[in-house]
Amino acid sequence: MKLRKLSAIMMAAVVATSTPAGAVLGQITAYADSDKDKSKDYNIGGADWDVQEDANGKIHIYATWDASDDSCGATITVTRDDKKTGISVTTTTTKGSVELTQQIKKYGKTGDYTFKIKAKSKSKNEDGKSEGELSESESDFYEIDEDTMKKLSSTAATSSGVNTSNGQTPGSSIPMPGTSTTPATPNAAPAGTSTAATQSTDTSGDFLTNGTITDWGIGHVYLVNGAPVFSKWIVDSGKLYHIGANGFMDKNLTFSDYTGTHYVGADGALVY
């Protein structure tokens with residue numbers, strides 16, 4: 001981590017809000033403690049096809065896999081009759097399911113389809129050093145005949161569409177924490193909470209202290225004057241958190257920004 005640059009920016013935020021510098025910067029130093037376990041498990045497996053039919057009788061096809069404990073980038077590639085199709089999708093190892101209906105429909109050929117998902121990073125030991133090989137998993141064949149091709153849906157599944165066995169909606173428009181998507185107002189909050197009418201992307205400072213962390217059920221957001229912020233560092237109770245481009249707090253994620261490469265833990269707090 002570019003600790004000096006991160007600390008300098010943090011110091012400016014501290015001065016602006018009259019927070020004792022030593023207390024907050026001490027937190028950063030603590031997070032960078034070299035004695036902490038830096039292991040990362042990016043191992044994936046169990047690649048398989050999941051085919052569902054929606055209420056309109058249309059078919060949705062998903063690539064599914066056993067998600068890793070920690071998140072890193074991954075690539076899904078699809079072959080047909082053991083030949084490359086050109087279908088390639090970027091995802092994360094923790095997502096567990098990606099809808100491929102549109103890609104296969106556009107490709108438009110019958111045959112035996114298989115996919116492989118491969119992590120972009122090697123798992124790390126407790127010292128943070130990469131070890132082993134890039135984890136990958138390959139599915140069995142799934143035959144798509146002419147009848148199936150005709151029934152493929154023209155749209156991705158939504159919350160009113162089909163569901164996978166784990167209860168999550170494949171192809172859902174709900175942004176997943178840690179994914180890189182075009183900033184958009186997060187989906188409606190659960191009953192009893194109020195949603196923001198507008199986005200808040202241009203707020204004062206790089207490290208925000210003038211908002212509130214709010215649990216929307218599908219993830220934590222940071223509201224400033226009632227509107228969610230995007231791609232911002234925030235300071236809460238002396239800890240640093242990062243709000244991703246999708247408006248949700250990043251968790252269990254390694255990512256890079258202009259301050260360097262960082263890892264945030266299960267609670268979203270900066271680890272290093």
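**Close-ups of a predicted model**

**View 1. Ser231, a partly exposed serine in a loop.** Ser231 comes out as partly exposed, its relative accessible area being 45%. Keep in mind here, and in every view below, that this is a predicted model. Ser231 sits in the loop that links β12 (227-228) to β13 (232-236). The backbone is what catches the eye: Ser231 isn't a glycine, yet its phi is positive, at about 50°. Most residues other than glycine have a negative phi.

**View 2. Ser237, on the other side of β13.** Follow the chain through β13 and you get to Ser237, in the loop between β13 and β14 (239-243). Here's another serine with a positive phi, this time about 55°. Is Ser237 buried or exposed? Ser237 is exposed, with 70% relative accessible area.

**View 3. Ser153, a buried serine.** Now for a serine that is tucked away: Ser153 is buried, since its relative accessible area is 3% and the cut-off for buried is under 20%. Ser153 belongs to the loop between α4 (146-151) and β9 (207-208). Which residues does Ser153 touch, once those up to four places away in sequence are set aside? The list runs Asp54, Lys58, Ile59, His60, Thr101, Gln102 and Lys105.

**View 4. The β10–β11 hairpin.** Strands β10 (residues 212-215) and β11 (residues 220-224) run antiparallel, joined by 4 bridges. Across the pair, Ile213 of the hairpin faces Tyr222, which is in β11. The two strands make a hairpin with 4 residues between them, and in that turn Gly217 has a positive phi of about 85°.

**View 5. The largest nonpolar core.** Zoom in on a set of 22 residues, the largest nonpolar core. Trp49, Ile61, Ile76, Val78, Leu100, Ile104 and Phe115 have the most contacts inside it. At least two core residues come from each of β1 (45-53), β2 (59-66), β3 (73-80), β4 (83-92), β6 (111-119) and β8 (142-144). The strand giving the most is β2, with 4 residues. In soluble globular proteins, nonpolar side chains tend to be buried together.

**View 6. Ile61 and its contacts, plus another core.** What does Ile61 contact beyond its neighbours within four places in sequence? Its partners include Trp49, Asp50 and Val51, then Val98, Glu99, Leu100, Thr101 and Ile104, and also Tyr142, Ile144 and Leu152. Apart from the largest core lies another one, of 9 residues, with Tyr222, Val224, Ile234 and Ala269 among them. Tyr222 is a familiar face from the hairpin view, where it stands opposite Ile213.

Key:
Residues are numbered from 1 along each chain as its sequence is written. This is a predicted model: local features need pLDDT of at least 70, side-chain atom pairs count only at pLDDT 80 or more; totals for chains, interfaces and linings use all residues. Side-chain values use heavy atoms; hydrogens and water are left out. Buried means under 20% relative accessible area, exposed over 50%, partly exposed in between (1.4 Å probe, protein chains only). Contact means heavy atoms within 4.5 Å. Two strands pair if DSSP finds at least two bridges between them. A nonpolar core is a set of buried Ala, Val, Leu, Ile, Met, Phe, Trp, Tyr and Cys residues joined through side-chain atoms within 4.5 Å.
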